[in-house]
Amino acid sequence: MSLRHGLLGLLAEGPASGYDLARRFTEVLGSIWPAQHPKIYAELNKLAAEGLVEVESEGPRRRKAYRITDPGVVEVKRWLTDVDVDHTMRLQPLLRSLFFWMMDTDELQRHLEAEASYYRELADQYRDYAARKDRGEFGYSEQTQSMRVTIEAGIRLYSALADWAEWAQTVPPAKPTPPHANG
């Protein structure tokens, strides 16, 4: 997902400041797709220069609220329907797993226990968020319904990673292969 299209999509829900957009990214996507404040502000400036967003108002301390323009809506729809999905996933835990053989067994066990716990906790946070959505705490708008689909993906992704970390504790290199008896 590109930051620009994420910002445009969030602005399609209604006007927001860069701060508000950063908070929404954290609230909805958290560690799945982090967005840092400086990058958000830089991208908003680019989007404004391209006419895809405009400043709706300017408040205290020069805080700007942006809104999406008609060409911005067209761009989001184009991205959703005409642009191939980038299926690249950069998961550092999986890259690290390639080198688990370099860790002591006890270190690896502790690491995998911590990973499993971390992912279970995130899945539980997403489950709580989903339950709140399912109870109607956020209404039943199209945006809320789409967000529920996203939350379910987070639940399933983090649950799968927790399962993986628990499984990895049961196989080599976390559990050394017993020596084979000769004869």
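**Notebook: sheet, pocket and salt bridges**

Entry 1. I began with one residue pair: Ser-57 has Ala-65 of strand S3 opposite it. The model is a predicted one, and I read the pairing from it as such.

Entry 2. I looked up how the strands S2 and S3 go together. They run antiparallel, and 5 bridges join S2 to S3, which covers residues 64-68. I noted a further partner pair here, Glu-54 with Arg-67 in S3. The two strands make a hairpin, with 5 residues between them. In the turn I found Arg-61 with a positive phi of about 55°.

Entry 3. I turned to the other pairing of S3. S1 and S3 are antiparallel too, with 2 bridges between them. Ala-16 is placed opposite Tyr-66 of S3.

Entry 4. I then wrote down the sheet as a whole. It is open, has 3 strands and follows the order S1-S3-S2, with antiparallel pairing. Which strands stand at the edges? They are S1 (16-17) and S2 (53-58); each has a single partner strand, so one side of each lacks a neighbour in the sheet. I also checked what packs on the sheet. Helix H1, residues 3-13, does so and touches S1, S2 and S3. The direction of H1 makes about 90° with that of S3.

Entry 5. I looked at the second largest pocket next. I have its volume as about 190 Å³. Which residues line this pocket? I listed Ser-17, Gly-18, Tyr-19, Tyr-41, Asn-45, Arg-61, Arg-62, Arg-63, Lys-64 and Tyr-66. Helix H2 (18-29), helix H3 (37-49) and S3 are the elements that give two or more residues to the lining. I sorted the lining by class and got 3 nonpolar, 3 polar and 4 charged residues. Two names in the list were already in my notes: Arg-61 from the hairpin turn, and Tyr-66 as the residue opposite Ala-16.

Entry 6. Last, I went through the salt bridges. How many does the structure hold? I have 17 salt bridges for the structure. I took one of them to write out: the side chains of Glu-27 and Arg-23 meet at 3.7 Å, N to O. Both residues lie in helix H2. They are 4 residues apart, about one turn of the helix. H2 is also among the elements that contribute to the pocket lining of entry 5.

Key:
Residues numbered from 1 in each chain as written. Predicted model: local features only at pLDDT ≥ 70, side-chain atom pairs only at ≥ 80, totals over all residues. Heavy atoms only, no water. Pairing = 2+ DSSP bridges. Contact = heavy atoms within 4.5 Å. Axes fitted to C-alpha atoms, helices over the stretch in contact; angles between N-to-C directions. 1 Å grid on protein atoms, 1.4 Å probe; cavity = no way out; pocket = protein on both sides within 12 Å on 5 of 7 lines; lining within 4 Å. Points joined across faces, edges and corners; volume = space filled by probe spheres on them. Nonpolar A, V, L, I, M, F, W, Y, C, P; charged D, E, K, R; others polar. Salt bridge = Lys/Arg side-chain N within 4 Å of Asp/Glu carboxyl O.
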